[in-house]
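Q: Could you take me through one part of this model closely, and show how that part fits into its surroundings? I'd enjoy a connected walk rather than a list.

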Amino acid sequence: MKKVSVDPITRLEGHGKIEIFLNDEGDVANTYFQIPELRGFEKFCEGRPVEEMPRIVPRICGV
Amino acid sequence: MAKLKLALYWAGACGGCDVAVLDVNEKILDVANLADIVFWPIALDFKYHHVEAMPDKSIDVCLYNGCVRSTEQEHIAKLLRKKSKVMVAFGSCACFGGIPALANFSTRAEIMERAYIEAPSNENPNKTLPQIKLKVDEGELTLPELYDDVLTLAQVVPVEYFVPGCPPTVELILKVVNALATNSLPPPGAVIASEKTLCDECDRKKEDKKITKIYRTHEIIPDPQKCLLEQGLLCMGSATRGGCGSLCVKVNIPCRGCFGPPAGVADQGAKLVSAVASIYDASSKEDIEKMVKEVVDPAGTFYRFGMSSSMLKRKHLQRK
């Protein structure tokens, strides 16, 4: 099956890629959207002082 | 003069550095007069294969923001290095690891577990984790591999210049643009910011007084004229490079060190620990123990933006 990759997806905040699979007729058989990135705010914010959160979590998205 | 070719990339980043470039407002037109942008995912629709097709060293300057913590980010760093004459670590993540480098206090497994399985907003009964390779009915899907360590750009490729800041200020970005326009870049290896510490540039009054208690930021309203550290707030100014325009201390909140260590300082956190130890009025073991208790998150405060480039680098890993 033919695969068309859109990598990276652009003009938005964040990281992503799209894989489009085409069947023998050239029609779209399936499409997958993937996020190739993880920084781990869910983990590294744990245990840090709550009053510092306004200075850490804005860096989840700066756009 | 022929137009320069400029590339901008975000690796492990939030996009704030890219937006900072746009924050130069109408000066972006000067950038457009000076340079053709050949790659900039946030704003322009170029793909990785376009970069791969470029001749080596055909990009004049690459501003690379974000940390390096996956096979993809390292691959793109190496690709852009090969294609670029000048590589700039742009922003605190690329320079020092930045906020994402706080992940160096955990392991990859702990981060994956928390983000994809434990987090209360998840519904993942089969405890599925991202796979580097996954067979699907139509073929195979791949994802980059996440590293245990968050790295700086210079830890994976040679870097000519460092522009610190979370994000770099408009003034610094214009300094870089002007240096490019006039072909007057400093010698390679330079950090494009101040050579002084933030403390040296701070207008607040210092009285060389000792402190008897370290306060958390919500516990007091500091005097806006006086040194924050001398009021008992952990301010990173004496261990941090200046050049930011004193943005945080001007609004009465202590510096967290996003410009990294000043010239001649190897470890920002150790420098601040030394400053706190010398200002704290401790004459007994009990005083010292009290001081240590009052610093609620020493690692996350002293190494808020600089874990990757610090001497610690990360929490010790228990290798099997």
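A: Happy to. The domain assignment divides chain B into domain 1 (4–99 + 151–181) and domain 2 (198–302), and this is a predicted model, so please read every value below as computed from predicted coordinates. The C-alpha centres of domain 1 and domain 2 of chain B are 31 Å apart. Across the boundary, nine residues of domain 1 of chain B are in contact with seven residues of domain 2 of chain B. On the domain 1 side, helix H5 (92–96) and H7 of chain B each supply at least two residues. H5(B) gives the largest share of that side, three residues. By class, the residues on the domain 1 side are five nonpolar, three polar and one charged.

Let's look closely at H7, then. Helix H7 of chain B covers residues 170–181, twelve residues in total, and at 1.5 Å a residue it should span 16 Å; the C-alpha atoms at its ends are indeed 16 Å apart, so expectation and model agree. Its buried residues are Leu172(B), Ile173(B), Val176(B) and Val177(B). Viewed down the axis of H7(B), these buried residues fall within an arc of 140 degrees, and therefore they line one face of the helix. What do they pack against? The partners of the buried residues of H7(B) are helix H1 (16–22), helix H2 (28–34) and strand E9 (161–163) of chain B. As a general background, nonpolar side chains in soluble globular proteins tend to be buried together.

Both flanks of the helix deserve a look. In the loop between E9 and H7 of chain B sits Pro167(B), and the peptide bond from Cys166(B) to Pro167(B) is cis, with omega near -5 degrees. On the other side, H7(B) is followed by Asn183(B), which is placed in the loop between H7 and helix H8 (198–201) of chain B. Phi of Asn183(B) is positive, near 50 degrees, in a residue other than glycine. Asn183(B) has 8 other C-beta atoms within 10 Å, so it counts as exposed. For context, most residues other than glycine have a negative phi, and most peptide bonds are trans.

Stepping back to the wider packing, the largest nonpolar core has 85 residues, and those touching the most other members are Ala7(B), Tyr9(B), Ala11(B), Cys62(B), Tyr64(B), Val88(B) and Ala89(B). Domain 1 and domain 2 of chain B both give residues to this core, so it lies between them. Take Tyr9(B) as one example: leaving aside neighbours within four places in sequence, Tyr9(B) is in contact with Phe39(B), Pro41(B), Cys62(B), Tyr64(B), Ile76(B) and Leu80(B).

One more stop in chain B lies in the segment after helix H12 (298–302), where Arg314(B) is placed. With 19 C-beta neighbours inside 10 Å, Arg314(B) counts as partly exposed, because a buried residue needs 20 or more. Arg314(B) and Val150(B) are 164 residues apart in sequence, yet their C-alpha atoms are 8.5 Å apart in space. Not counting residues up to four places away in sequence, Arg314(B) touches Asn104(B), Asp149(B) and Met307(B). Lys313(B), also in the segment after H12 of chain B, has a positive phi of about 65 degrees although it is not a glycine.

Definitions and conventions. Residues are numbered from 1 along each chain as its sequence is written. Chains are lettered from A and ligands numbered from 1 in the order in which they are written. This is a predicted model: local features need pLDDT of at least 70, side-chain atom pairs count only at pLDDT 80 or more; totals for chains, interfaces and linings use all residues. Helices (H or I, at least four residues) and strands (E, at least two) are DSSP runs, numbered from the N terminus. The expected span of a helix is 1.5 Å times one less than its number of residues. A residue is buried if 20 or more other C-beta atoms lie within 10 Å of its own, exposed if 12 or fewer, and partly exposed in between; C-beta atoms are placed from the backbone. The arc is that of the directions from the helix axis to the C-beta atoms. Two residues are in contact if their C-beta atoms, placed from the backbone, lie within 7 Å. A nonpolar core is a set of buried Ala, Val, Leu, Ile, Met, Phe, Trp, Tyr and Cys residues joined through C-beta atoms within 7 Å. Domain bounds come from an automatic or database domain assignment. Ala, Val, Leu, Ile, Met, Phe, Trp, Tyr, Cys and Pro count as nonpolar, Asp, Glu, Lys and Arg as charged, and the others, Gly among them, as polar.
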